[in-house]
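Subject: Structure for your review, with notes on what was found

Dear colleague,

I am handing over the structure below, and I would be glad if you could read it alongside the notes that follow.

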Amino acid sequence: MRSVKMLMAAGAASLVASAAMAADMPIAPPPAYAPPPVEDFGGWYLRGDIGFSNQQIKDLRYGRESAYSQLTSFDQQTSFDAAGIYGLGVGYQFNPWFRADLIGQYRGNSNFKGTDRFTGTASGFAYSGIDNYGASKSEWLVMANAYVDLGTWWCITPFIGAGVGGARVTVANFTDTGINNIPFSTASFASAPTASKWNLAWALHTGLAYKVNPNLTLELAYSYLNLGDGYTGSLSTFTGLTTNNSFKFKDITSHDVKLGVRWNLDAGPVYAAPPPLMRKG
């Protein structure tokens, strides 16, 4: 009986010693996890855009503008059809609110229609007439742009920007069909070959950007674009006579609407949130 009591006392002493040692041992650290990266707004991105143009010109002028000096009335109406816009570019986000990019853009063929109605005097005769014009126009555009992002709400960022560059304006398939009364009615027809010209171009931009994920951003944008002047080749009559004069498309401007995509090349990995620490109780 005494030996049983001694065994029980020894077991109790062993349990007390084990509990004391466990209390002195350090608590195991929580599972390791990768810390979230410091947010870095610097980074390269690629962009692509598609859209359509809505173009106008200030007026259409014949090379011998002095021929209009004796006009007593003149009315001109011109219009372009909408045309597709296709662009690619590369850019850099410098900080949370400023970025810049360099783009190349092809602006597809836009059909042109115009009408002149006029009256005047020449050599003592009163005359009147009407000219109907037709042509197609396209451009290659290279432009450097800078943008200011105005803040982000619900992943949507409004922005404004401006750009400057060069536009290669091409005018093709130009025709001039007219009826003049000087002093009797005569019909006329003339055409001009394709001609191209590089101009200084500039633009103003505004729009909304939606951040789909750290890498992908969608844009809905509007641009006002000034493309400079366009010219036809030398005008030739239906008899083959070349006039050595061309028509000038003065101050070509466009209101563009575009849908764009930006792909960030430098976005860091996304880490899961750390597990909550166990409280010691």
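In the notes on cavity linings, Ala, Val, Leu, Ile, Met, Phe, Trp, Tyr, Cys and Pro count as nonpolar, Asp, Glu, Lys and Arg count as charged, and the others, Gly among them, count as polar. By that division, the lining of the second largest cavity holds five nonpolar, three polar and three charged residues. Please keep in mind throughout that this is a predicted model.

To set the scene, the protein chain has 281 residues, of which 35% count as buried. The chain contains one helix and 13 strands, and when the elements are read from the N terminus the α element is followed by the β elements, in the order α-β-β-β-β-β-β-β-β-β-β-β-β-β.

Cavities

The count comes to two cavities of 30 Å³ or more. The largest cavity encloses about 110 Å³ of space, and of the 13 residues that line this cavity, Arg47, Asp49, Ile103, Tyr147 and Lys258 are the closest to its centre. At least two lining residues come from each of strand 1 (43-53), strand 5 (83-93), strand 6 (98-122), strand 7 (125-149) and strand 11 (216-231). In character, the lining of the largest cavity divides into five nonpolar, four polar and four charged residues.

The second largest cavity holds about 50 Å³, and its lining is made up of Ile103, Gln105, Arg107, Leu141, Met143, Ala203, His205, Ser223, Leu225, Asp256 and Lys258. Here strand 6, strand 7, strand 10 (195-211), strand 11 and strand 13 (247-264) each supply at least two residues, and strand 6 gives the most, with three residues. You may notice that Ile103 and Lys258, which are listed in this lining, are also among the residues closest to the centre of the largest cavity.

Salt bridges

A search of the whole structure finds 12 salt bridges, and three of them seem worth describing one by one. The side chains of Arg99 and Glu219 meet in a salt bridge, at 3.5 Å from N to O. Because Arg99 lies in strand 6 and Glu219 in strand 11, this pair ties together parts that are 120 residues apart in sequence. Both Arg99 and Glu219 are buried.

Glu219 also meets Arg262 in a salt bridge, with 2.7 Å from N to O. This pair again links distant parts of the chain, with Arg262 in strand 13 and Glu219 in strand 11, 43 residues apart. Arg262 has a relative accessible area of 8%, under the 20% limit, and so is buried, while Glu219, with a relative accessible area of 3%, is buried as well. Salt bridges that share partners join Arg47, Asp49, Arg99, Asp101, Asp149, Glu219 and Arg262 into one network. Of these, Arg47 and Asp49 are also among the residues closest to the centre of the largest cavity.

The third pair is Glu139 with Lys137, whose closest N and O atoms are 2.2 Å apart. Glu139 counts as buried because its relative accessibility is 1%, and Lys137, likewise at 1% relative accessibility, counts as buried too.

Surface and backbone

On the surface, Trp44, Leu46, Val90, Leu102, Trp140, Val142, Trp198, Trp263 and Leu265 form a nonpolar patch, with about 940 Å² of accessible area together. Strand 1 and strand 7 each supply at least two residues of this patch. Leu265 is placed in the segment after strand 13, and its relative accessibility of 46% means that Leu265 counts as partly exposed.

Where does phi take a positive value in a residue other than glycine? One such place is Trp154, with phi near 55°. Trp154 belongs to the loop between strand 7 and strand 8 (156-181), and at 76% relative accessibility this residue counts as exposed. Asp251 is not a glycine either, yet has a positive phi of about 55°. Asp251 is located in strand 13, where it is partly exposed, with a relative accessible area of 29%.

With best regards

Notes. Residues numbered from 1 in each chain as written. Predicted model: local features only at pLDDT ≥ 70, side-chain atom pairs only at ≥ 80, totals over all residues. Heavy atoms only, no water. 1 Å grid on protein atoms, 1.4 Å probe; cavity = no way out; pocket = protein on both sides within 12 Å on 5 of 7 lines; lining within 4 Å. Points joined across faces, edges and corners; volume = space filled by probe spheres on them. Helix = DSSP H or I, 4+ residues; strand = E, 2+ residues; numbered from the N terminus. Patch = residues over 30% accessible without salt bridge, like charges linked within 9 Å, V, L, I, M, F, W, Y side chains within 5 Å. Areas by Shrake-Rupley, 256 points an atom, 1.4 Å probe, with all protein chains shown as cover. Salt bridge = Lys/Arg side-chain N within 4 Å of Asp/Glu carboxyl O. Buried < 20%, exposed > 50% of the residue type's maximum accessible area, 1.4 Å probe, protein only.
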